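Please look at the sequence and the model below before reading on. The text after it walks through selected residues and their partners.

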Amino acid sequence: MLRNRLSAQGVLRGEPPARFHLEAAEAWTDSFLGRQRAKDQLPQHGAADVGKFFMYRRFRRMPLSPERGLCTDTRGVVPACAVSGASYDAEMVGSDASEQVASPYATGGGGTVLEHDFGAVLLAHLLLGDPVPALGDDVTPVSVRFQDSSFSPVDDLIVVGDTADGTQRRLSIGVRRAPAFTTSDDSTADLLVSYLRIVTDHWAEAGAGRCRLAVAVASTSPAVRQVHELAVIARGQPDEESFRAVVKQPGRTTEAVRRRLNHLDALIAQAATSPKVSTERAAAELTWRVLHVLWLWQLRLEGADESDRTAAVARLRSVVPDASVEGSATLFEALGRLSRSYAPTAATVTEGMLRRQLCGIAVVDRSSSYAPAWRALDALSETAENLVRFRLTGVGKNVELERAEAGNALASEARAVASRATALIVHGEPDAGKSALALRTAERMRADGVAVTVLNLREIPASLAEFEALLGARLAAVLGASAVGKGRLLVVDGAESVLEGRAQLLSDLARAAMAAGLGVAAVTRADGSGAARDVLAQAAESVTRDGGIVEGLVREHEVPRLTPAEITRLVEVFPQLRQWAGDERTRWLLGRPGLVDMLLRAGPGVAAPQGAASEADLFAAVWRNLVRRGEVMTAGGPSPDARDQSLQALARRQLLPRETAVPPDPAALPSLRSDGLLAPLCATSAWSPSDRFASDLVRDMAVVRLLVTDGFALLSTADAPRCVPHASRARPIYSAPMTSNGHSPICAPSSTGSRPTTASGGRTCRGRQCSPSVPPERYSATYGPRCRRTSKPACAR
């Protein structure tokens, strides 16, 4: 009817063009621009031919088959095939099947377009974790295989799923547009050869229900409906004899259904003669076996009825963050493109692989299959963020520095890592604001569409087995099912704890994340950056990547100190800092936000030292004014000694975890939390054996105080590898001779620079100065490990 109407209007005349290139079929539209490009690229055809092609595309909404014209190939380089004008006309006229001659395309292979669209539907089931019809409502799909003849003789599409009892079930699907199921239907006989191979070679699995067969069809012809009815009867009967008895029962079936069974018997007998089939079973028995495990799947993906596509888009709204129809339609289109790319490579697609390859082209929320794991990760992420102070607070005022320049530089590095599933080491001086900057950058990236997960290495269980027990699932599976966006990133704060025995945990985290397609950003102090880099490099090299070897698997980014403009901003907000900013020899302390925070918490009465300042001056001021509260005891509150001893007790527990020591004073702990010296209680506090220090700076101060009061002999038995070098570097502050201005020569500031230097010309290690007064053989014992980059001793502060 459409053709007649167009011909009457003079739009459609003559035969269709003989050849078209694939790119026209897949990329051109009905627009004027599309027609113009078609004429430019196909000069052998006139405008009328091009117009007829577009009208045909509008009617069929699909490219032609290999038998009728356009070949479909994801690479877009397969030559077009000859078009039969007769078959073209047959498709364009009436709908009565009895008046049409079925084309080879209609009765044979379903065509790659239908198969790819159906593949996208199955990928949607995989992504959602929804049951697949014919596979069973009790089965969760775990993989979809494309054209994998090594796995199943019926290889158009294969779905594998897990059952509740831990076994697997597979569904092998042949895609055919409109099989005739008649005695003369040679193409259907060829299809049945592969079905017979399964019910003969693998009957034990098929008979037990672990292997099922399906034919996906786009036709609602009587033949398809009749075969479906026969399959339903066969599934309910234990053998061929019972099946045929039911079919012959009066009123159970129609004469047309019984005739269809005769056609199937003939087709099965013809297929059984193939050299690919090795069996001595009678054809009647084989017919029952095929029907017993066969499902007919009616596809509605083309023409006027696209309800299967609509249903898939509707279901995908549940995994699109904003639940929008536009977002789910975009996601389905992305699944279609991936489906077209999988068939030529015989791909086996899992949910993790699918999410990894959707990264950057679609937005997908995390899988609902791991709800307990998400709750645990959310709690851990909340803990990681609660441990970081983003705002500097003084008396009646607070401020958060934007740090735009530093943030933009870090974001650029992090986006590159998130899009390539590589690793980034974010390091810097102690208390330079690395964690705050990294987490704020993570927030910005998340708002920009990057899927970001944040953890603190110290706050998660110490081993992979314990962590997976907490998640209730394998770590690799959980991260593989995490959200998808413009990139995927795992931020690991506190990565310097690799020096405290957590190197294997970081390795397991990084390996699982990068294998799942997530980039890893490890935030660490400068003294832990070398060890963290070694761990991440080994993890990155062990991961197999979709695109092969990637250069630059581990990058480094240093977080700078505050800029002069940012220091000026702090002084404007907090006037008490002017006394520290007025002298270049004390101003350097204000470049590190963590030190500024301690100064502000110590109160406005903390006086700057005369002349140069060191961390020792800051330690003394903070301990006197913040920890001991200026020796003032509030009514009903803990004494200064109780607060002091509680922090020392926690430090001793970290240094000597096996020792039975005096516990901290329970009455002092709440006040220490409220003053920001101990971490606040949070969702994961129940998993920690004791209170945690609010920051590395507070911990280092507590360790120094413990060594000052109990002696440096504790270092010889200390178990915490990272605390030891930090504490040992404090020893010269209290043991070396003082200069005339009251400072140790090791930490005496320079008269011009912004960092402390030795008064007697000490050796430099990465910009700091190391004491020359200790013989080289005693450096490792006194000052900790040697610098990884310069092979010089680590620096004393």
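The paragraphs below take up charged residues, their contacts and the cysteines in turn. The model is a predicted one.

A search of the whole structure finds 45 salt bridges. A few of them are described here, starting with a pair within one helix. Glutamate 255 and arginine 258 form a salt bridge in which the closest N and O atoms are 3.3 Å apart. Both belong to helix H12, and because they are three residues apart there, about one helical turn separates them. Glutamate 255 is partly exposed, with a relative accessible area of 44%. Arginine 258 also counts as partly exposed, at 25% relative accessibility.

Helix H12, residues 255–272, holds another acidic residue, aspartate 265. Is aspartate 265 buried or exposed? Its relative accessible area is 18%, and the limit for buried is under 20%, so aspartate 265 is buried. The side chain of aspartate 265 makes a polar contact of 2.9 Å with the side chain of threonine 287. Leaving aside residues up to four places away in sequence, aspartate 265 touches Arg244, Ala283, Ala284 and Thr287.

Other salt bridges join residues that lie further along the chain. Arginine 389 pairs with aspartate 597, the closest N and O atoms being 3.7 Å apart. This pair links distant parts of the chain, 208 residues apart: arginine 389 is in the loop between helix H17 (371–386) and strand E7 (392–394), while aspartate 597 is in helix H27 (residues 593–602). Arginine 389 is partly exposed, with a relative accessible area of 42%, whereas aspartate 597 counts as buried at 6% relative accessibility.

What does arginine 415 form a salt bridge with? The partner is aspartate 448, and the closest N and O atoms are 3.7 Å apart. Arginine 415 lies in helix H18 (residues 404–420) and aspartate 448 in the loop between helix H19 (434–447) and strand E10 (451–456), so this salt bridge ties together parts that are 33 residues apart in sequence. Arginine 415 counts as partly exposed at 32% relative accessibility, and aspartate 448 is partly exposed with a relative accessible area of 34%. Elsewhere, salt bridges that share partners join Arg458, Glu496, Glu500, Arg525, Asp696, Arg699 and Asp700 into one network.

Another acidic residue to locate is glutamate 351, in helix H16 (residues 351–358). Glutamate 351 counts as buried, at 15% relative accessibility. Which residues does glutamate 351 touch, not counting residues up to four places away in sequence? They are Leu126, Leu127, Val142, Ser367 and Ala481. The C-alpha atoms of glutamate 351 and proline 141 are separated by 9.0 Å, although the two residues are 210 residues apart along the chain.

The last topic is cysteine. How many disulfides does a search of the whole structure find? The search finds zero. Cysteine 211 is buried, with a relative accessible area of 0%. Cysteine 359 has a relative accessible area of 19%, and because buried means under 20%, cysteine 359 is buried as well.

Notes
Residues numbered from 1 in each chain as written. Predicted model: local features only at pLDDT ≥ 70, side-chain atom pairs only at ≥ 80, totals over all residues. Heavy atoms only, no water. Helix = DSSP H or I, 4+ residues; strand = E, 2+ residues; numbered from the N terminus. Buried < 20%, exposed > 50% of the residue type's maximum accessible area, 1.4 Å probe, protein only. Polar contact = N/O pair within 3.5 Å; in protein donor to acceptor, adjacent residues only side chain to side chain. Contact = heavy atoms within 4.5 Å. Disulfide = S-S within 2.5 Å. Salt bridge = Lys/Arg side-chain N within 4 Å of Asp/Glu carboxyl O.
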